[in-house]
Amino acid sequence: MTARPVVYVTREIPDAGLDPLADECEVHVHDWKLPPGHDRILRRLAELEADGLLCLLTDDVDGEVMDASPNLRVVSTFSVGYDHVDVDEAERRGIAVGHTPGVLSETTADFTWALLMTAARRTVEGNEYVLADEWETWGPKLLTGPDVHHATLGVVGLGNIGATVARRAAGFEMEVLYANTERDGAAEQRLREFGVEATYVELDELLARSDFVTLHVPLNEATEGLIGDEEFEAMPDDAVLVNTSRGPVVDTDALDRALADGSIKRAALDVTDPEPLPGDHPVTRHVPEKLVLAPHIASASIGTRDRMARMAAENMLAGLRGESLPNSAVEDRR
Ligand code: GLV
């Protein structure tokens, strides 16, 4: 009997992913609510002489990690983003890298709209107002905010998630602008079929014209700090920024300044820099009037987390069998 491949999983993921792995592999799960950390990942991979690493976006998977086990041949991340994996180093070593695109786009788009609506219509403030027993009467000016319907939505990054967010703008009859590395005629055509006419513009024009700006770019050298002092300055004073991409796409100190001096009206963040954001970070002084925060949960529907787990397992199993990965980060970044 040939030995079963050994897989180290850096956190407990849904059974939809663990079960198929366990059918074919010897699976070792880091059974703790916090990530194992770089040193422990190195140690466990070496001890287990693991063939596969199933990681999360909270793990830093660099060349050192890839060298920790002589047998490592697959890294499969339980996330669509793979900025935490050094894909160049993996490619150099012939290690396959899987990720989970597509399955979380609808759920992440839903949550993006939840944040956008929350920031616009001040639901968190309303909640706190009621609980603080401040609600004395119906008020003509109580917690007023901007309309979402017929406003202008600026989508930065028209990939899977950005386009899915844009599609939902049809129901609100919004004008949709998008900025992207290049104009995407095919995506525009697909949106047209849903009644959305998306107009390609440069980022500075998008920032100047949008009531709501929503970020959907991957994190890389070109997008780190994409939204900083200058960009906030370019936005209208009553603009709302939503970020469900990656925290470092927005310069947090610049956001703090922009909210303080009124360069923009509000922001809603599911992702932050640093992440996790400490509860006493200076930017939290703007909560809840100008800032709404969530702990990186945009893809956190039960069904989507199951689908992500299954896809991460499928990538792992394909790679261990020597087959090409159904969703390879190496291929998808080309
Ligand atoms: C979530 O942020 C992901 O990349 O899956």
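**Exercise 1.** How much space lies in the second largest cavity, and which residues line the second largest cavity?

*Solution.* The model is predicted, local features need pLDDT of at least 70, side-chain atom pairs count only at pLDDT 80 or more, and totals for chains, interfaces and linings use all residues. Residues are numbered from 1 along each chain as its sequence is written, and side-chain values use heavy atoms, without hydrogens and water.

Step 1. On a 1 Å grid over the protein atoms alone, a cavity is a set of points where a 1.4 Å probe fits but cannot get out, a pocket is an open set with protein on both sides within 12 Å along at least five of seven lines, and lining residues have an atom within 4 Å of a point. Grid points are joined across faces, edges and corners, and a volume is the space filled by probe spheres set on the points.

Step 2. The second largest cavity holds about 30 Å³. Its lining consists of Thr-118, Ala-119, Arg-122, Thr-123, Val-124, Glu-125, Arg-266, Pro-288 and Val-292.

Step 3. Two or more of these residues come from each of α5 (105–121) and α6 (123–131), and α6 gives the most, with 3 residues.

**Exercise 2.** Which residues line the largest cavity?

*Solution.* Step 1. The volume of the largest cavity is about 40 Å³.

Step 2. Around the largest cavity stand Asn-243, Gly-247, Val-250, Thr-252, Leu-255, Leu-269, Val-271, Thr-272 and Asp-273.

Step 3. Val-250 is also named in a separate core of 27 residues, together with Leu-215, Val-217 and Leu-277.

**Exercise 3.** Where does the largest nonpolar core lie with respect to domain 1 and domain 2?

*Solution.* Step 1. A nonpolar core is a set of buried (under 20% relative accessible area, 1.4 Å probe, protein chains only) Ala, Val, Leu, Ile, Met, Phe, Trp, Tyr and Cys residues joined through side-chain atoms within 4.5 Å.

Step 2. Among the 49 residues of the largest nonpolar core, Leu-54, Leu-153 and Phe-212 touch the most other members. This core lies between domain 1 (6–103 + 302–332) and domain 2 (105–293), because both give residues to it. The domain bounds come from an automatic or database assignment.

Step 3. Leaving aside residues up to four places away in sequence, Leu-54 touches residues including Val-7, Phe-78 and Met-316.

Step 4. Between the domains, 6 residues of domain 1 are in contact (heavy atoms within 4.5 Å) with 5 residues of domain 2. The C-alpha centres of the two domains are 31 Å apart.

Terms used: Buried < 20%, exposed > 50% of the residue type's maximum accessible area, 1.4 Å probe, protein only. Helix = DSSP H or I, 4+ residues; strand = E, 2+ residues; numbered from the N terminus.
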